[in-house]
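Let's take a walk through a protein together, with its sequence and structure side by side. Keep both in view as you read.

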Amino acid sequence: MKEDFYDILGLSKGATAAEVKKAYRKKAIEYHPDKNPGDKEAEEKFKKAAEAYEILSDPDKKARYDQYGHQAFEGGGFGGGGGMNMDDIFSQFGDIFGGGGFGGFSGFGGGGGGRQRRAKGSNLRIRVKLTLEEIANGVEKKIKVKRKIQAPGTTYKTCSTCNGSGQVTRITNTILGRMQTSSPCSACGGSGQMIDDRPAEADMQGLKATEETVSIKIPAGVEDGMQLKVSGKGNEAPGNGIAGDLIVAIEEQEHPDLQREGNNLHYDMYVSFSEAALGASREIDTVSGKVRIKIEEGVQSGKILRLRGKGIPSINGYGTGDLLVHVNVWTPKTLNKEQREFFEKMAKDDHFRPNPESGEKSFFEKVKDMFS
Ligand SMILES: [Zn+2]
């Protein structure tokens, strides 16, 4: 059962807006975490009081609460327990205590001392075009990258604003007593260091632009649109900061003959009527060199020959795709007189009438056997 909001603030039902405000100020001061360090119960009461005030300080919400109790807010935006976090509560303080001095408050959770932030240099992005062969075999690319590095001769000194701690602590006298506010130092960006001296070529951060050749190892099996990260090869950061990363976007160049589908490759092979009838031998390009393919006599158009392991290796190292050779029988679009007579003679021959049922399966098995 949820505690009554009036009870939480020590009020009786129907208290006025002024009474609510006064009661909440009292509770907020009593249970403020700065006055009760490490006291979970006080923090809980502090939150509950804030939640009660959130409702009772709003005339509309107060009217709904007076009529329906907690049910008025169930399932709504403010339902359930723990609906407010400390930031909400402190932003609420503005209208109770006046002034906006609580903006940077971050004293909760304890142990906030001396945290330095190491600045990180910005990331760089490049695109790398790869051929299908390079993708199939993996490749090392040497690429010129324009990046910022720390200019030699730049010297640093301890930030005078935060004395090197990276944090600025402010003591504010408030109605709640002396409050300690700490936030990252804006003068040094939280690093605790500032530039003392820099050469003329350096920018405000003591960095200068250079062109560097970066060697990038690209593993076999990458795909168009994939991004690889080369740690620390982005722009450097000033002082004790860490360099950003170099993000390499993969672009796959189209192959003149091979089409990629996942890790499998497809190749369209065209054979003539005669080759289909008599059989043939063809040399084709694959990603791992030329391969001679034997076309059995009597091959049907649309047959697929599978060359196991002649595709793209999986980027995870689990196996390699296949090369699928699609056999297409090429039909001439025009015929001269003799050719026409030849085919007209054939057309009357029952032997050339399509008869897919007979021997079709055994043929396919034969092709499979040939490449297994
Ligand atoms: Zn500083």
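Residues 24 or more positions apart account for 66% of the contacts in the protein with a separation of 6 or more. Please keep in mind that this is a predicted model. The protein has nine helices and 15 strands. Of its 372 residues, 34% are buried.

## The zinc site

Let's begin with the metal. Which residues coordinate the zinc ion? The sulfur atoms (SG) of Cys159, Cys162, Cys185 and Cys188 do so, at 2.2 to 2.3 Å. Seen from the zinc ion, these four donor atoms subtend angles of 104 to 114 degrees, which makes the arrangement tetrahedral. For comparison, the ideal angle for four tetrahedral donors at a metal is 109.5 degrees.

Now look for the donors in the sequence. Their spacing follows the pattern C-x2-C-x22-C-x2-C. The site links distant parts of the chain, as one pair shows: Cys162 is in the loop between β3 and β4, while Cys188 is in the loop between β5 and β6, 26 residues apart.

The UniProt record, an unreviewed entry, carries the annotation "binding site" for Cys159, Cys162, Cys185 and Cys188. These residues span 30 residues in sequence, yet no two of their C-alpha atoms are more than 9.0 Å apart, so they gather at one spot.

Are the cysteines at this site buried or exposed? Here a residue is called buried when its relative accessible area is under 20%. Cys159 has 0% relative accessibility, so it counts as buried. Cys162, at 6%, is buried as well, and Cys188 is buried at 13%.

Let's meet two of these cysteines in turn. Cys159 sits in the loop between β3 (155-158) and β4 (167-174). Leaving out residues up to four places away in sequence, Cys159 touches Gly164, Cys185, Ala187, Cys188, Gly192, Gln193 and Met194. Two of the zinc donors, Cys185 and Cys188, are on that list.

Cys188 belongs to the loop between β5 (177-184) and β6 (193-197). With residues up to four places away in sequence again set aside, Cys188 touches Cys159, Cys162, Gly166, Gln193 and Met194. Gln193 and Met194 therefore appear among the contacts of both Cys159 and Cys188, where a contact means heavy atoms within 4.5 Å.

## Strands that pair up

Next, turn to the strands. Strands of a sheet pair through backbone hydrogen bonds, either parallel or antiparallel. In this model, four strands form an open sheet with mixed pairing, in the order β10-β11-β15-β14. Its edge strands, β10 (258-261) and β14 (304-307), each pair on one side only. From one strand to the next, the twist averages 25 degrees.

Here are two strand pairs to find in the structure.

| Strands | Sense | Bridges | Residues standing opposite |
|---|---|---|---|
| β10 and β11 (residues 264-271) | antiparallel | four bridges | Leu258 and Tyr267 |
| β12 (residues 280-286) and β13 (residues 289-295) | antiparallel | seven bridges | Ser281 and Lys294 |

How many residues does the hairpin joining β12 to β13 pass through? The hairpin runs through two residues.

## Two more buried residues

Lys62 has its place in helix α4 (residues 59-68). Is Lys62 buried or exposed? With a relative accessibility of 14%, Lys62 counts as buried. Not counting residues up to four places away in sequence, Lys62 touches Tyr6, Gly14, Ala15, Ile55 and Leu56.

Val230 is part of strand β8 (residues 227-230). Its relative accessible area is 18%, so Val230 is buried too. Which residues does Val230 contact, once neighbours within four places in sequence are left aside? They are Ile216, Asp245, Leu246 and Val248. Take Asp245 as an example: Val230 and Asp245 are 15 residues apart in sequence, and their C-alpha atoms are 5.7 Å apart in space.

Definitions and conventions. Residues are numbered from 1 along each chain as its sequence is written. This is a predicted model: local features need pLDDT of at least 70, side-chain atom pairs count only at pLDDT 80 or more; totals for chains, interfaces and linings use all residues. Side-chain values use heavy atoms; hydrogens and water are left out. UniProt positions are given in the numbering used here, feature names are shortened, and annotations may be inferred rather than shown by experiment. Buried means under 20% relative accessible area, exposed over 50%, partly exposed in between (1.4 Å probe, protein chains only). Two strands pair if DSSP finds at least two bridges between them. Axes are lines fitted to C-alpha atoms, for helices over the stretch in contact, and angles run from 0 to 180 degrees between N-to-C directions. Donors are N, O and S atoms within 2.8 Å of the metal (3.2 Å for Na, K and Ca); water is not among the atoms, so sites may look incomplete. Four donors count as tetrahedral if all angles lie between 85 and 135 degrees; four count as square planar and six as octahedral if opposite donors are over 155 degrees apart and all others between 65 and 115; anything else is irregular.
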